[in-house]
Amino acid sequence: MSSFILILATVLPTAFLLKSLVDEKTAVNQMMIADFNNKIKDLDSLAESLQKLETSSLLRDAKLTYLENQLSALKQNKTNSDSIINTKVENVINSWEEDVSKVEDMTQCLACNPSIPTWSSNSYTFNVKESVTVGTVIGKLLSNVCTGYGVSVAYTMYKGFNFTINKVTGEIITATSLDREKQQRYEHIVSATVSCTEKTSKSQNVSLAINIEDVNDNAPVFTNTNYNVLVSPSARIGEQVLSVTAIDRDENENGQVQYEKTPESVPFKIDQQFGTISVASSFDSSVYNFQVLAKDGGSPQLSSSANVTITLRE
Ligand SMILES: [Ca+2]
Ligand SMILES: [Ca+2]
């Protein structure tokens, strides 16, 4: 009760002085005066609420100091133009609205009766490249929870292995290296738990999805490292003699393979898209050795090679 008396003794006179100053200035917008009066009522109401609580003297003193400073600023500008007073009053009202909101939060906290936490979103989806290092913060989950004054919130994640959540901040952090080619999406349930000292706690879950984005970290791989084939010496130009295949596990252009051969001088050509090798010109030898290359479309580009031996039948 003593703290309440102190609040009424100090806060309300300050509030009425402000109101009095506003009333003296007829140039001040009438709607603003009504709003100002409403804020005074709010303060009355909050003072009533605080009466029932063990109010923090530190917070109360800070609040009073703030109001006193505002009043002092108003007095200093009293002899100036109405517009300056108008602006000052508007600033007081705006600041008071923030102050009222803070005190309402404090009231909830001091009541030590946590409500079920709400999340700032119905669900969360984050996208992260598979190349990020362990310990990278990929996003943050926020609950709309008042904390402090004996009330705390803790974040937990179920089935977390590749990712962890910072218990205090709600940051989602990579706990292992990632590989999109093994798993490209993770789904978790995250919980926010509000608790009071020696009081009950309340939790609320929210779903979290993490999509792993591709990085060009795989070169195309040929199904064979050596291709050997026998070809008829009478094979005609354009006739297909072999088909090579390389597989790239990456996605989109990172996984699109194009084929080449080297050297160019052999009498065969390779289809850039499909890897089919066909006769390009007449033969001048009984055995041909050359390399086929598979290159992906990533940046930087990755490639691999295989050996081809084509022998003409006797
Ligand atoms: Ca690739
Ligand atoms: Ca990849």
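## Backbone features and strand pairing around β16

Asparagine 252 is placed in the loop between β11 (246–247) and β12. In this predicted model, asparagine 252 has a positive phi of about 50 degrees, although the residue is not a glycine. Asparagine 252 is exposed, because 10 other C-beta atoms lie within 10 Å of its own and a residue counts as exposed at 12 or fewer.

Two cis peptide bonds, each leading into a proline, are set out below with the loop that holds the proline.

| Cis peptide bond | Omega | Loop holding the proline |
|---|---|---|
| threonine 262 to proline 263 | near 5 degrees | between β12 (258–262) and β13 (268–270) |
| serine 299 to proline 300 | about 0 degrees | between β15 and β16 |

The loop with proline 300 leads on to the pairing of the strands that it lies between, β15 and β16. Strand β15, which covers residues 287–295, pairs with β16 in the antiparallel sense over 9 bridges, and within this part of the structure alanine 294 has serine 304 of β16 as its bridge partner.

Which strand pairs with β16 in the parallel sense? That strand is β9, residues 226–231, and its pairing with β16, residues 303–312, runs over 6 bridges. Valine 229 stands opposite isoleucine 310, a residue of β16. Strand β16 thus takes part in a parallel pairing with β9 and in an antiparallel pairing with β15.

Key:
Residues are numbered from 1 along each chain as its sequence is written. Chains are lettered from A and ligands numbered from 1 in the order in which they are written. This is a predicted model: local features need pLDDT of at least 70, side-chain atom pairs count only at pLDDT 80 or more; totals for chains, interfaces and linings use all residues. Two strands pair if DSSP finds at least two bridges between them. Helices (H or I, at least four residues) and strands (E, at least two) are DSSP runs, numbered from the N terminus. A residue is buried if 20 or more other C-beta atoms lie within 10 Å of its own, exposed if 12 or fewer, and partly exposed in between; C-beta atoms are placed from the backbone.
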